[in-house]
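Take a walk through this structure, from single residues out to the whole chain. Keep the sequence and the 3D view side by side.

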Amino acid sequence: MTNLNTTRFGPVEIGSDDVIHFPEGLLGLPSCRDWVLLADAENDALGWLQSVERPEIALGVVSPRRFVPCYQMRVARRELEPLRLENVQAAHVLIVVSKTERSITLNLKAPVVINLNRRLGRQVVTNGDLAVQYVLGDPSPALRKSA
């Protein structure tokens, strides 16, 4: 066990089994390859991907189906090959949450896919017209074009 001194959560004790390795990093964060998934103490719908390399970076994540029940992720199988999944249904899919001045948005276009058994993760860009900034509480459908 080691202590990870995070900016958002203070010291967090993690073990090597807690680390999820992203060989390619995340979009916009290619040098951040090791992350831990933390539960939010106040909101059971929210989790945090905390960077091990950069303690100031933590990304809010949620299960997409909790907020967009009809969410379907479509990607080429080769996009998931680096995760070494024995079964595609075993993939754990999370969506990055962002907060703007007026709303909370979900990036439905670029989900984070994790193989919890192998502790491997990858952010993929889906096929189709999923929103990059789906506004929570927006009555318009989730499947819309975005700039």
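Is Arg84 buried, partly exposed or exposed, going by its relative accessible area? Arg84 has a relative accessible area of 49%, so it counts as partly exposed. The cut-off matters here, because exposed means over 50% and buried means under 20%. Bear in mind that this is a predicted model.

Arg84 sits in the loop between helix 2 (77–80) and strand 7 (92–99). Its backbone deserves a look. Phi of Arg84 is near 55 degrees, a positive value in a residue other than glycine. Now turn to Arg119. Its phi is also positive, at about 60 degrees, and Arg119 is not a glycine either. Arg119 belongs to the loop between strand 9 (112–115) and strand 10 (120–123). With a relative accessible area of 26%, Arg119 is partly exposed.

Step back to the layout. The chain has 2 helices and 11 strands. Along the sequence they follow the pattern β-β-β-β-β-β-α-α-β-β-β-β-β.

How many residues does the largest nonpolar core have? This core has 18 residues. Leu106 and Leu108 make the most contacts inside it. Three elements give two or more residues to this core: strand 2 (10–14), strand 4 (34–39) and strand 6 (58–62). Apart from it lies another core, of 13 residues. Its members include Leu26, Leu29, Val61 and Leu94.

Leu106 is worth a closer look. Set aside its neighbours within four places in sequence. Leu106 is then in contact with Val62, Phe67 and Val68, among others. Its list of contacts also includes Ile95, Val96 and Val97. Further along the sequence, Leu106 touches Ala131, Val132, Gln133, Tyr134 and Leu136.

Next come the aromatic rings. A search of the whole structure finds 2 aromatic pairs. In one of them, the rings of Phe9 and Trp48 have their centres 5.6 Å apart. Their planes meet at 70 degrees, so the pair is edge-to-face. Phe9 lies in the loop between strand 1 (2–6) and strand 2, while Trp48 lies in strand 5 (residues 47–51). The pair therefore ties together parts that are 39 residues apart in sequence. The two partners differ in cover: Phe9, at 30% relative accessibility, is partly exposed, whereas Trp48, at 11%, is buried.

The other pair is Phe22 and Trp35. Their ring centres are 6.5 Å apart and their planes stand at 75 degrees, so this pair too is edge-to-face. Phe22 comes from the loop between strand 3 (19–21) and strand 4, and Trp35 from strand 4. The two residues are 13 apart, and the pair links distant parts of the chain. Both Phe22 and Trp35 are buried.

Finally, consider the chain as a whole. Why does its radius of gyration agree with that of a compact globule? A compact globule of 147 residues would have a value near 15 Å, and the chain has 15 Å, so the two agree. Along its principal axes, the C-alpha trace spans about 45 × 40 × 25 Å. Buried residues make up 41% of the 147 residues. Among contacts between residues at least 6 apart in sequence, 45% join residues at least 24 apart. The accessible surface comes to about 8800 Å². Carbon and sulfur atoms account for 49% of that surface.

Note on methods
Residues numbered from 1 in each chain as written. Predicted model: local features only at pLDDT ≥ 70, side-chain atom pairs only at ≥ 80, totals over all residues. Heavy atoms only, no water. Core = buried A, V, L, I, M, F, W, Y, C linked by side-chain atoms within 4.5 Å. Buried < 20%, exposed > 50% of the residue type's maximum accessible area, 1.4 Å probe, protein only. Helix = DSSP H or I, 4+ residues; strand = E, 2+ residues; numbered from the N terminus. Contact = heavy atoms within 4.5 Å. Phe/Tyr/Trp six-rings, centres within 6.5 Å; stacked < 30°, edge-to-face > 60°. Rg over C-alpha atoms; globule rule 2.2 N^0.38 Å. Areas by Shrake-Rupley, 256 points an atom, 1.4 Å probe, with all protein chains shown as cover.
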